[in-house]
Amino acid sequence: MSGTVRLTTAQALVRFLARQHTERDGDRRRLIGATWGIFGHGNVAGLGQALVEHGDEMPFLQGRNEQAMVHAAVGHARQSGRLATHAVTTSIGPGATNLVTGAALATVNHLPVLLLPGDVFAARPADPVLQQLEVPYAGDVSVNDCLRPVSAYFDRITRPEALVPAALQAMRVLTDPAATGAVTLALPQDVQAEAWDWPEEFFAERVWPVRRQAPDPAEVAAAARAVRAAARPLLVAGGGVHHSAAEDALRAFADATGIPVASTQAGKGSLRHDHPADVGGIGHTGTATAAELARAADLVIGVGTRWTDFTTASGTLFAGDGVRFVNLNVAPYDAHKMAGTTVVADARAGLEALTRALAGHRVEPAYADRYTSAKERWERRVDAAYAVDDPAARPTQTQVLGLLDELVGDEDVVINAAGSLPGDLHKLWRARSPRQYHVEYGYSCMGYEIPAAIGVSLAAPGAPVWALVGDGTYLMMPTEIVTAVQEDVPIKVVILQNHGYASIGGLSESVGGERFGTAYRHRAPDGTYTGAPLPVDLAANAASLGLPVTRAKTVGELRAALRAARAADGPTCVYVETETADTVSGPPPAQAWWDVPVAETATRPSAVRAREEYDRHVSARRRHL
């Protein structure tokens, strides 16, 4: 009979996590590579002490904001192909509730992260304690219950021995390709410090296979029949292609069949931009090439996509008579969307099986010629958006992307999440490798970019990692700059200053909101925000947090600054004030609609006009049944 080891619950958890591994296709990784933490009462004497006790087994990373720590762990998980992630520990109260946004982001995007918030006393020797929420109708509720709806798995560990089954369930969910997301183990502060005799088997090295679910042959056959019967098929690659490392299988499918491939935000880079079948982003922020193909398609093959409203243009994009869907997805919930023919399987295994089932089948040459010509026309539009006429002029946002496009190699990673940049990137960016394009658009969380860049850089040491940050999102969460400086993580932060919420400002104007409340300007005498821009100096702010900052005022200066940033050994920042699109050529406009309801009754002409346009688009919406 094996023996026992007497440890506190927190010490046991740290030792357990250090011995968990994943394996897929012979690639073995440590599952929890490090623990992020901000300490307070609720975790300082429990997990804090345990991380000191077992510091040789579990690396520690000091965060500045709890939400940002989750973003860093998520960025690490995505860059690691979901085979590795980080844990995040917080105090009780506000430290714990600050996790909610990051948890939602992780679960929405099916990305694993382990959350370890402190909780109030399980034994209740003092009730209430500092920062405890009192719920008159339920004595067993704490603020950590806010994490239940945004977690893929949740448990509260009220006794040391309860950790054994809970920890094993947590690892199961973290490594489940279909069910993964934020996993929360709420840890009452007294239980963390309580000792117990743990069975030695609990600390054995464990390997959790990340399975590749094979498709049902009957489902593959039905999907193949649908493809063979289609004259104008289109494949939409989602994030599941990257999560399952199915890029080679997708390329082989496209090479064999000639079927064009469009990509969601999460799926961009599934094919290189210069692959003949790659037609770019799809949906509201996609390319004209993909939009034209989608409107005429008689069959749409979704691979690893959740079919969000940005992808479907709120149900208006796939407009062909009799258009049908085939959905290849490891999650049955997503595979059944759009009334599609389902192939419930790992994306790589499913694509390989479908390619075999379609042996000898290829689209008609005229169809391939059509999308090839459309792709060439779009590339000329990208060139025009990137073009620089005057190196001494202030750059536009699209020219900033064009200068990065000149500079980056296959190994670079470009990170963004919110504002107007995701739309420009989805339409214009020429992805060179599967991990280069890192835009978080499932939750589109302002403030994601800088902490995620740290997580990505830790997962891919040596790769140039770019955090593209607008002024609005920078003001949300610049705090992890301090962490990058402290840990000497060589991220490259690019701050684009346009004095407000450019994306929402444009949306506000289009729906009759007249850009109200979207500019960073002084209030004018009439109550509107139309005065001079605020004297906010984000470059000075970044420098005050420890970053070396280069201010670039012209295209020429920006080109040199980006080149120097890429070569830098430590974290660095490039600050640029961009020219607005209403004064110079900007990116191509949206190629498909997006549903944001407009006031049904209004007296202001802008809102009346917006409602008329809204009604026109709504009339084209359809449910695919």
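**Exercise 1.** With a relative accessibility of 22%, does K337 count as buried or partly exposed? Then work out how its salt-bridge partner, D334, is classed.

*Solution.* One thing to keep in mind throughout: this is a predicted model.
- Step 1. Grab the cut-offs: buried is under 20% relative accessible area, exposed is over 50%, and partly exposed sits in between.
- Step 2. K337 has 22%, so it counts as partly exposed.
- Step 3. Now the partner: the side chains of K337 and D334 meet in a salt bridge, with 2.8 Å from N to O.
- Step 4. D334 comes in at 5%, so this residue counts as buried.

**Exercise 2.** How are the two side chains of the salt bridge between E161 and R159 classed, and what is the N to O distance?

*Solution.*
- Step 1. Start with the distance: E161 and R159 meet at 3.6 Å, N to O. A salt bridge needs a side-chain nitrogen of Lys or Arg within 4 Å of a carboxyl oxygen of Asp or Glu, so this pair qualifies.
- Step 2. E161 has 33% relative accessibility, so it is partly exposed.
- Step 3. R159 has 36%, so it is partly exposed too.
- Step 4. If you'd like to hunt for others, the structure holds 32 salt bridges.

**Exercise 3.** Which helix holds both R348 and E352, and how many residues apart are they? Find the network they belong to as well.

*Solution.*
- Step 1. Look at helix α14, residues 347-357: R348 and E352 both lie there, 4 residues apart, which is about one turn of the helix.
- Step 2. Their side chains meet in a salt bridge of 3.8 Å, N to O.
- Step 3. R348 is partly exposed because its relative accessible area is 24%. E352 is partly exposed because its value is 34%.
- Step 4. Now zoom out: salt bridges with shared partners join D25, R212, D346, R348 and E352 into one network.

**Exercise 4.** In what order do the strands of the open, three-stranded sheet run, and which strands are at its edges?

*Solution.*
- Step 1. The 3 strands come in the order β3-β2-β11, and their pairing is mixed.
- Step 2. An edge strand pairs on one side only; here these are β3 (27-30) and β11 (206-209).
- Step 3. Ignoring direction, neighbouring strands of this sheet are turned by 30 degrees against each other on average.
- Step 4. Now check one pairing: β2 (residues 20-24) and β3 run antiparallel and are joined by 4 bridges. Across that pairing, R24 stands opposite D27 in β3.

**Exercise 5.** Is the aromatic pair of F16 and F202 stacked or edge-to-face? Do likewise for W307 and F318.

*Solution.*
- Step 1. The structure holds 12 aromatic pairs, and you're looking at two of them here.
- Step 2. The planes of F16 and F202 are 10 degrees apart, with 4.5 Å centre to centre. Planes under 30 degrees apart count as stacked, so this pair is stacked.
- Step 3. Find the partners in the chain: F16 is in helix α1 (residues 9-17), F202 is in the loop between β10 (195-199) and β11, and they are 186 residues apart.
- Step 4. F16 is buried because its relative accessible area is 0%, and F202 is buried because it has 3%.
- Step 5. Next, W307 and F318: there are 85 degrees between the planes and 5.7 Å centre to centre. Over 60 degrees counts as edge-to-face, so that's the class here.
- Step 6. Going back to F16, ring pairs link it with W196, W198, F202 and F203 into a cluster.

**Exercise 6.** Which residues, though not glycines, have a positive phi of about 55 and about 45 degrees, and where is the cis peptide bond?

*Solution.*
- Step 1. Know the usual pattern: most residues other than glycine have a negative phi, and most peptide bonds are trans.
- Step 2. W307 has the phi of about 55 degrees. Look for it in the loop between β15 and α12; at 7% relative accessibility, W307 is buried.
- Step 3. S444 has the phi of about 45 degrees. It lies in the loop between β19 (437-439) and α18 (449-459), and with 27% it is partly exposed.
- Step 4. The cis bond runs from D127 to P128, with omega near 5 degrees. P128 lies in the loop between β7 (113-119) and β8 (153-156).

Definitions and conventions:
Residues numbered from 1 in each chain as written. Predicted model: local features only at pLDDT ≥ 70, side-chain atom pairs only at ≥ 80, totals over all residues. Heavy atoms only, no water. Pairing = 2+ DSSP bridges. Helix = DSSP H or I, 4+ residues; strand = E, 2+ residues; numbered from the N terminus. Axes fitted to C-alpha atoms, helices over the stretch in contact; angles between N-to-C directions. Buried < 20%, exposed > 50% of the residue type's maximum accessible area, 1.4 Å probe, protein only. Phe/Tyr/Trp six-rings, centres within 6.5 Å; stacked < 30°, edge-to-face > 60°.
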